[in-house]
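I opened this notebook to keep track of what I looked up, residue by residue and then for the whole chain. The entries follow the order in which I checked things.

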Amino acid sequence: MAKINGNEIKPGVVLDHDGGLWAAVKVNHVKPGKGGAFAQVELKNLRDGRKLNERFRSEDKVEQVQLETKDQQFLYESDGKLVFMDSETFEQTELDADLLGERRPFLQDGMVAAVEYYGDEALSVRIPQKVVCRVAETEPVLNGQTAAKSFKPAILDNGVRVMIPPFVGVDEAIVVNTELFEYSERA
């Protein structure tokens, strides 16, 4: 583990702080009129999801942790556990379904996800930013509704509700942004 200065913390950096692993979510560098500069950092615990606001002065030293990222293929789900297979060693790993959070419905059979490990412990799962889904139900297509930028509600084949353009109908494949939960384009 490497020690870095408090002013070198950027969003996405993982720190060993207060006996836990924390990821920097938001970083705001502040230079007050009186006193030294500091970084106001919003941290998220990678193990239990707690949030913490911490202030690091530029002379403070913090431990930066390097996580190992492995591409793993999703095989199936059983009893709230997701089973992934390492693409290189073909070793299977069971991970808690809670690691994906609200993005869980977008995980599809055979999808390759990036799993971040600290030693042997899996801390997070990142799925691709764009995923192809089918529209299960929506309002019928209306002709002449393309002049103004408007959207209509739709339910996808995985049960997620998104807003789609009026020209997209039932059973059409669309690309959905998994971070913003919104329509990107037709597939």
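In which loop is Asp98 found? I located Asp98 in the loop between β9 (92-96) and β10 (112-118), and I note at the outset that I am working with a predicted model.

**Entry on Asp98.** I looked up the accessibility of Asp98 and found 64% in relative terms, which is over the 50% cut-off, so I put this residue down as exposed. I then checked its distance to Ser124: the two residues are 26 positions apart in sequence, while their C-alpha atoms are 9.4 Å apart in space.

**Entry on two aspartates with positive phi.** I turned next to backbone angles, keeping in mind that most residues other than glycine have a negative phi. For Asp18 I read a phi near 55°, a positive value in a residue that is not glycine. Asp18 lies in the loop between β2 (14-17) and β3 (20-30), and I recorded it as exposed because its relative accessibility is 63%.

I found a positive phi at Asp79 as well, about 55°, although this residue is not a glycine either. The loop that holds Asp79 runs between β7 (68-78) and β8 (81-86), and with a relative accessibility of 80% Asp79 counts as exposed.

**Entry on Asn53.** Is Asn53 buried or exposed? I noted it as exposed, because its relative accessibility is 54%, and I placed it in strand β5, which covers residues 51-57. Setting aside neighbours within four places in sequence, I listed Gln40, Val41 and Glu42 as the residues in contact with Asn53. For Glu42 I also looked up the C-alpha to C-alpha distance to Asn53, which is 4.5 Å across a sequence separation of eleven residues.

**Entry on Asn177.** I then went to another asparagine, Asn177, which has its place in strand β15 (residues 173-177). Its relative accessibility is 7%, and since buried means under 20%, I entered Asn177 as buried. Which residues does Asn177 touch, when those up to four places away in sequence are not counted? I wrote down Gln129, Glu182 and Ser184.

**Entry on the whole chain.** For secondary structure I counted 16 strands and zero helices in the protein. The domain division I noted has domain 1 at residues 2-65, domain 2 at 68-126 and domain 3 at 130-186, and the centres of domain 1 and domain 2, taken over C-alpha atoms, are separated by 28 Å.

I next compared the overall dimensions with the globule rule: the radius of gyration is 21 Å, whereas a compact globule of 187 residues would have one near 16 Å. The C-alpha trace spans about 65 × 50 × 25 Å along the principal axes.

On contacts, I noted that of those with a separation of 6 or more, 44% join residues 24 or more positions apart.

**Entry on surface and charge.** I recorded 35% of the 187 residues as buried, and an exposed area of about 11200 Å² for the protein, of which carbon and sulfur atoms supply 46%. Finally I looked up the charges: there are 23 positive and 32 negative ones, and their mean positions are 9 Å apart.

Terms used. Residues numbered from 1 in each chain as written. Predicted model: local features only at pLDDT ≥ 70, side-chain atom pairs only at ≥ 80, totals over all residues. Heavy atoms only, no water. Helix = DSSP H or I, 4+ residues; strand = E, 2+ residues; numbered from the N terminus. Rg over C-alpha atoms; globule rule 2.2 N^0.38 Å. Buried < 20%, exposed > 50% of the residue type's maximum accessible area, 1.4 Å probe, protein only. Contact = heavy atoms within 4.5 Å. Areas by Shrake-Rupley, 256 points an atom, 1.4 Å probe, with all protein chains shown as cover. Lys, Arg positive; Asp, Glu negative; His and termini not counted. Charge placed at Lys NZ, Arg CZ, Asp CG, Glu CD. Domains from an automatic or database assignment.
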